[in-house]
Amino acid sequence: MRWLTAFTLGLLTAVGGFLDIGDLVANAVVGSRFGMTLAWVMLVGLVGLMLFTEMSARVTSTTGRGTFDLVRERLGSRVGLANLLASYLITLLTFAAQLGGIALALELASGIHYLLWVPVAAALVWIVLWRVPFDRMEKIYGFMGLALVVFGVALWRLGPDWGVLLEDALAFAPPADEGTAVWWYYAIALFGSAMTPYSVLFFSSSGVEEKWTPKDLATARVNIFFGLPLGGLLALAIMGCAAVALLPAGIQVSDLGQVALPVVSSLGKIGVVIAILGFFAATFGASLESGLAAGYAVAQYFGWQWGKELPPRRAAYFQLVILGGLLAGTLFVLTGVDPITVTEYSLVLSAAALPLTYLPIFVVANDRSYLGDRVNSRFTNVLGSVYLVLLSAVSLAAIPLMVYTKAGQ
């Protein structure tokens, strides 16, 4: 049982990396429009997320310090500030999208308009962030996120031709009725959703919260190399359900309710209840991650006291940043802006900002004055360099493709 409970941080991080409101919608949209032809993006994103999360975990377990703290110290305040602004603004937008996602999940469960649920969602998030101990929080929402296994069961019950799905996944080309530019736009959005920066920041800062030492690195790697792939598999199951059930019917996903349609057709009411529970757990867990990540980023850059376990009076600025982010996100969603639209834009903007987040981590993970003999291996550096080139290409292409395709229309 002990190994299972040690696994929960990876599960909660996987929720943010692969199953937050952006991932839920993006994977269903992609499946309903392009089948499984973009499944390879999930694999590329998964490897990249594991690669840089492992670097960040190694830095934290060796130094006992947060990522942004070291980035500012190692690369200077200007580079650190650019790193902070890029990560914080995207994380704040993501935080707002998750609050909207919680409200949409509650709307599905109750039939009451989601805007009425937004203040309730914000209050619940604040209570958990304020009162629930860190280890209990990660266990509760890590395990609850497993409710989305229902999409794997639904895919199996739909009885697809697995050979056709595999052939589709290996096609590496858009369907005949879709344009290449739009296909690449969604590839970038999917990549941005998989490698969202706040997941790495949350995971490494959690190591400081849990007082990791080099002895904890093995447990951290178990979380990374087993927890994150599980999240990736569930994301592929959501994409597969949409490819099998929605694409042939000509249904293109535009809201959270449509994401659950394949579950309705294969598992009925029980499946829907489990799917809505999974939506709630995933968006709630991601809101906790993104809210804390926003506070971690700012507090670590400015050198303030931070930590969820610290009494509020000892980490007052950290708590104020989280509360400010929660209020800003709540007001933004209450303007009536479509949470799904916010999600879609945040994914592309996240993709555009990826190098600003991951390059500093790569530099710090190669610094022997911090890590001694635990710096990156030659293999890690070669793979990391390939990913940095890929991240730069994605960053350059993201905004022009969004404009050219009118956000994938």
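Select Tyr 358 first. Its contacts, leaving out residues up to four places away in sequence, are Leu 49, Phe 52, Met 195, Thr 196, Pro 197, Val 200, Leu 388 and Leu 391. Bear in mind that this is a predicted model.

Now widen the selection to helix α18, residues 354-364. Is this helix mostly covered or mostly open? Mostly covered: eight of its eleven residues are buried. Tyr 358 is one of them, and so are Leu 354, Pro 355, Thr 357, Pro 360, Ile 361, Phe 362 and Val 364.

Next, show the largest nonpolar core. It holds 121 residues. Which residues have the most contacts inside it? They are Phe 52, Phe 151 and Tyr 358. Then select residues 217-246, helix α13. This helix gives the most to the core, with twelve residues.

Move on to another core, which lies apart from the largest one. It has 13 residues. Pick out Tyr 88, Ala 286, Ala 294 and Tyr 301, which are among them.

Zoom out to the whole protein chain. Colour by secondary structure: there are 20 helices and zero strands. The C-alpha atoms fill a box of roughly 55 × 45 × 45 Å along the principal axes. The radius of gyration is 20 Å, which agrees with the value near 22 Å for a compact globule of 409 residues. Of those 409 residues, 57% count as buried.

Finish with the surface. The chain exposes about 16100 Å², and carbon and sulfur atoms supply 67% of that area. Select the charged side chains last: 22 are positive and 23 negative. The centres of the two sets lie 11 Å apart.

Note on methods: Residues are numbered from 1 along each chain as its sequence is written. This is a predicted model: local features need pLDDT of at least 70, side-chain atom pairs count only at pLDDT 80 or more; totals for chains, interfaces and linings use all residues. Side-chain values use heavy atoms; hydrogens and water are left out. Helices (H or I, at least four residues) and strands (E, at least two) are DSSP runs, numbered from the N terminus. The radius of gyration is taken over C-alpha atoms; the globule rule is 2.2 Å times the number of residues to the power 0.38. Buried means under 20% relative accessible area, exposed over 50%, partly exposed in between (1.4 Å probe, protein chains only). Accessible areas come from the Shrake-Rupley method with a 1.4 Å probe; for residues, only the protein chains shown count as cover. Lys and Arg count as positive and Asp and Glu as negative; His and the chain ends are not counted. The place of a charge is taken as NZ of Lys, CZ of Arg, CG of Asp or CD of Glu. A nonpolar core is a set of buried Ala, Val, Leu, Ile, Met, Phe, Trp, Tyr and Cys residues joined through side-chain atoms within 4.5 Å. Contact means heavy atoms within 4.5 Å.
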